[in-house]
2 protein chains.
Amino acid sequence: MAKRTAQDIRRRNRFDALRCVFAAPGPVSRQDIAETTGLSFATAANLATELLEAGVLREAGREESKGGRPRARLAVNAERGALIGIDVAETSVQVELFDLALSVLHSLRLPLRGADVRPEEVVGTIVAGVEQLVVASGTRPESVLGAGVSVPGLVEREGGVSVFSPYWSWRDVPLRALLAEQLTMPLYLDNPLKAATVAEMWFGAGREVDDLVVVTLRAGVGAGIAVDGALYRGASNSAGEWGHTCLIRDGRECRCGRRGCVEAYVSTRGVVRTLREVAPDSPLLDADEATVVGAVARASAAGDPVAAETVARTARHLGMAAADLLNLFNPQALVLGGWVADRLGEPLLEQAREVIAAHALPATLQALTLRLSAVRGNPVALGAATFALEGFLDDRETFGTVAAGRRAARAARERTS
Amino acid sequence: MAKRTAQDIRRRNRFDALRCVFAAPGPVSRQDIAETTGLSFATAANLATELLEAGVLREAGREESKGGRPRARLAVNAERGALIGIDVAETSVQVELFDLALSVLHSLRLPLRGADVRPEEVVGTIVAGVEQLVVASGTRPESVLGAGVSVPGLVEREGGVSVFSPYWSWRDVPLRALLAEQLTMPLYLDNPLKAATVAEMWFGAGREVDDLVVVTLRAGVGAGIAVDGALYRGASNSAGEWGHTCLIRDGRECRCGRRGCVEAYVSTRGVVRTLREVAPDSPLLDADEATVVGAVARASAAGDPVAAETVARTARHLGMAAADLLNLFNPQALVLGGWVADRLGEPLLEQAREVIAAHALPATLQALTLRLSAVRGNPVALGAATFALEGFLDDRETFGTVAAGRRAARAARERTS
């Protein structure tokens with residue numbers, strides 16, 4: 001039986017209170033937090049006070065309340081500190097600096113060279129990126145509250161280890177330990193599916209619903225799952241490995257060595273292969289894979305039948321696979337994100353919707369909202385930074401106990417007096 | 001954002017405390033409850049007191065503690081009341097009477113006649129079964145704390161409505177309301193997948209792990225999912241609809257109207273169809289479907305090559321489908337239950353294990369225990385009775401507030417004085 005301590009419950013409540021502030025269009029009152037989260041007013045007020053004392057929230061005016069004294073309105077204190085989000089992809093590393101309101105302050109992309117990139121190169125690239133970003137933005141290094149790092153494949157999160165990489169011959173690389181030799185801020189490791197899902201939970205569809213599936217279509221394909229407002233990781237943080245579900249028995253070869261996997265059809269490479277099936281001599285094929293997907297989208301929009309057929313087949317594959325996924329999870333929302341979904345956009349969504357409608361069960365469909373991700377920018381980097389925010393909110397020094405809260409309050413009073 | 005109230009947390013803690021008592025080999029102390037659940041000693045002690053006052057637990061001796069006063073040991077008070085579990089299947093209704101320790105006291109099975117059974121017949125059969133059972137066991141009707149009813153298909157749980165039946169032309173049948181016209185105990189409606197999973201959580205693999213997938217193979221096929229010790233229902237209680245996942249594109253016709261569904265291969269009927277493919281003239285085919293599956297198991301064990309090939313093909317289908325399911329959920333345990341798994345048993349399990357090992361991801365496999373259900377008797381009826389137990393534990397009259405607990409304690413003192 002998993003242990004659910006009072007500490008776990010406090011952490012979850014703290015996350016919910018802050019997610020509620022982020023999701024609101026403007027400053028909120030303690031009463032708003034109580035109403036949105038379902039927590040008692042006393043609990044919501046305590047959480048708000050704790051977040052104010054830690055500087056995560058700030059007072060943002062007052063509203064008149066009926067008959068009582070004016071209620072303080074609260075907002076995220078963007079200037080409390082900075083967060084870094086890092087998206088390690090197959091050919092590049094994107095490093096982004098955020099304020100505490102998770103607005104991007106600075107961003108840069110550094111290339112990775114060669115076919116089998118070694119861990120030392122990735123570590124060197126990340127460290128160089130972080131240092132450039134901190135210098136360029138004039139950020140004081142000690143104000144960086146944490147950095148989240150997304151690496152593809154299977155990640156052992158607690159230990160900060162990249163267990164398996166789909167691109168490189170990495171096995172059990174202690175990435176966090178390697179980074180910690182050169183970076184001083186707290187570091188949080190996870191993979192892009194989990195990062196994109198956490199971004200969606202805090203800043204996308206998850207602001208409205210608590211059960212969602214986030215399908216990411218890029219070089220890799222997978223699903224992130226949120227259950228009851230919490231990321232579902234499974235027993236070894238590999239839940240959501242949807243990309244290697246069998247879509248077509250004895251179908252296309254997949255880079256995993258099996259045949260007919262979902263990923264072989266709806267990843268960046270999958271779309272290129274579909275185009276090649278539709279028109280082996282298409283001039284659109286003369287580019288790198290990511291560029292081809294963009295070209296297919298533009299050509300299809302312009303009425304090119306080959307490109308339109310490529311989008312239609314991709315939507316059919318996606319819809320068939322998604323229908324089964326949805327029957328299993330019965331979520332309130334399915335969100336499509338990643339390069340392929342971003343480029344092929346609404347036409348992919350609308351054609352996939354028809355296939356899903358024909359293949360999913362009525363109960364599944366009735367509960368479901370299907371949409372493209374509305375998270376702007378790079379959701380993986382944003383999600384990685386959100387892991388750092390969650391890590392900071394979980395910091396026992398700052399939020400350890402009620403006693404620690406009182407000590408912080410006393411210290412704050414002493415500083416201002 | 002889903003609201004998680006203090007009431008929800010108390011309910012969950014109460015469930016966990018009682019699951020811990022059920023799972024222990026003998027009576028437990030308050031300290032044991034705290035250690036197993038991860039709750040503070042004060043919380044565990046309060047929960048124990050509340051359950052004692054409600055009569056759900058009883059004192060069962062004392063153990064010496066180091067230096068302190070002897071600790072009371074607690075056990076389930078089997079005689080506190082009775083629970084009823086009802087499994088409505090395609091051709092019969094099983095009604096079972098349990099004590100509060102969930103031991104079966106009496107059981108009976110009543111047939112359903114005809115192809116398209118009407119709701120009135122099912123209601124009449126359930127009512128007759130309950131009345132017979134109560135009379136035969138000499139149970140005082142007022143001591144029945146609740147009855148759980150499992151009906152196949154999609155169930156709207158809160159309203160107690162059978163939304164859709166896979167066997168009969170039912171649409172939105174208000175089954176609980178129909179039953180409540182004739183039965184006075186609280187009634188809880190859900191489907192067999194959910195019931196079998198709850199039985200597994202309280203009395204099977206779920207006593208050791210919190211993330212599990214329970215695959216039920218009978219006339220229908222589906223998966224029940226427990227996440228972090230709680231049943232995962234999805235947005236409209238239809239999560240786990242695995243039976244209609246596409247296993248083989250354009251494969252066998254399924255009764256759902258689609259082709260190639262998992263259910264068409266690994267349900268009772270699916271096994272019969274596989275036998276027919278292996279040997280269209282097999283004498284084993286001359287019986288009803290459930291009997292055929294039993295005959296295949298016996299013949300295979302006796303060395304019959306046709307039966308052995310039927311089991312092997314069934315294991316291959318099951319393993320392929322289960323590998324994808326496991327990659328998505330990454331559970332700690334996969335439990336196989338239902339008529340097909342019960343009859344084909346270890347040979348099915350061991351052959352499916354090899355297929356799963358060849359097709360699931362290493363991270364999935366490493367975390368996984370694969371086993372047959374160890375729940376004795378009919379897990380659907382047991383699970384239905386467990387829903388009634390959960391409903392009783394959630395009863396606001398008995399467990400509403402601390403104040404109610406105090407009132408109950410005072411009343412108990414007054415009764416004994």
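## Sheets, symmetry and charged pairs in a two-chain model

In chain B, five strands make up an open sheet, ordered β6-β5-β4-β7-β11, with mixed pairing. The edges belong to β6 (104–111) and β11 (187–190) of chain B; each has a single partner strand, so one side of each goes without a neighbour in the sheet. On average, neighbouring strands here are turned by 15 degrees against each other, direction ignored. Keep in mind throughout that this is a predicted model.

Let's look inside that sheet. Strand β4 (residues 82–88) of chain B runs antiparallel to strand β5 (residues 92–99) of chain B, and seven bridges join the two. To pick out one pairing, B:I86 has B:V95 in β5(B) as its bridge partner.

Helices pack on this sheet too. Helix α4 (residues 119–137) of chain B touches β4, β5, β6 and β7 (144–150) of chain B, and its direction makes about 145 degrees with that of β6(B). Then there is helix α13 (residues 379–393) of chain B, which lies across β4, β5, β7 and β11 of chain B. Its angle to β4(B) is about 135 degrees.

### Over to chain A

Chain A has an open sheet of five strands as well, this one in the order β5-β4-β3-β6-β10, again with mixed pairing. Here β5 (104–111) and β10 (187–190) of chain A are the edge strands; each pairs with a single partner, so one side of each has no neighbour in the sheet. Neighbouring strands are turned by 15 degrees against each other on average, direction ignored.

Strand β4 (residues 92–99) of chain A pairs with β5(A) in the antiparallel sense, over seven bridges. Within that pairing, A:V93 is matched with A:L110 of β5(A). Helix α4 (residues 119–137) of chain A lies across β3 (82–88), β4, β5 and β6 (144–150) of chain A, at about 145 degrees to β5(A).

How are the two chains related? A turn of 180 degrees and a shift of 0.0 Å along the axis lay chain A on chain B, with an RMSD of 0.0 Å. That is what a two-fold axis does. Both copies use the same surface: 100% of the contact residues of chain A recur in chain B.

### Cysteines without disulfides

How many disulfides turn up over all chains? A search of the whole structure comes back with zero. Take A:C261: the closest cysteine sulfur, in A:C256, is 3.7 Å from its own, which is too far for a bond; the cut-off for a disulfide is 2.5 Å. A:C261 is also buried, at 1% relative accessibility. In the other chain, B:C261 is in no disulfide either, with the sulfur of B:C256 as the nearest cysteine sulfur at 3.7 Å. B:C261 counts as buried too, at 1% relative accessibility.

### Salt bridges

Salt bridges are another story: the whole structure has 42 over all chains. Here are three from chain B.

| Pair | N to O distance |
|---|---|
| B:R14 and B:E50 | 3.1 Å |
| B:D190 and B:R157 | 3.3 Å |
| B:E277 and B:R313 | 3.9 Å |

Where do B:R14 and B:E50 sit in the chain? B:R14 belongs to helix α1 (residues 6–23) of chain B and B:E50 to helix α3 (residues 41–53) of chain B, so the salt bridge links distant parts of the chain, 36 residues apart. B:R14 is buried, its relative accessible area being 1%. B:E50 counts as buried as well, at 16% relative accessibility.

The next pair brings us back to the sheet of chain B. B:D190 is in strand β11 of chain B, and that strand stands at an edge. Its partner B:R157 is in the loop between β8 (154–156) and β9 (161–164) of chain B, 33 residues apart from B:D190. Are these two buried or exposed? B:D190 is buried, with a relative accessible area of 1%, whereas B:R157 counts as partly exposed at 28%.

As for the third pair, B:E277 lies in helix α8 (residues 268–278) of chain B and B:R313 in helix α10 (residues 305–329) of chain B, so the bridge ties together parts that are 36 residues apart in sequence. B:E277 is partly exposed, with 47% relative accessibility, and B:R313 is partly exposed at 25%.

Chain A, for its part, has a network of salt bridges that links A:R12, A:D16, A:R19 and A:D210.

Key
Residues are numbered from 1 along each chain as its sequence is written. Chains are lettered from A and ligands numbered from 1 in the order in which they are written. This is a predicted model: local features need pLDDT of at least 70, side-chain atom pairs count only at pLDDT 80 or more; totals for chains, interfaces and linings use all residues. Side-chain values use heavy atoms; hydrogens and water are left out. Two strands pair if DSSP finds at least two bridges between them. Helices (H or I, at least four residues) and strands (E, at least two) are DSSP runs, numbered from the N terminus. Axes are lines fitted to C-alpha atoms, for helices over the stretch in contact, and angles run from 0 to 180 degrees between N-to-C directions. Contact means heavy atoms within 4.5 Å. Copies are superposed by least squares on the C-alpha atoms of residues with pLDDT of at least 70 in both. Buried means under 20% relative accessible area, exposed over 50%, partly exposed in between (1.4 Å probe, protein chains only). A salt bridge is a side-chain nitrogen of Lys or Arg within 4 Å of a carboxyl oxygen of Asp or Glu.
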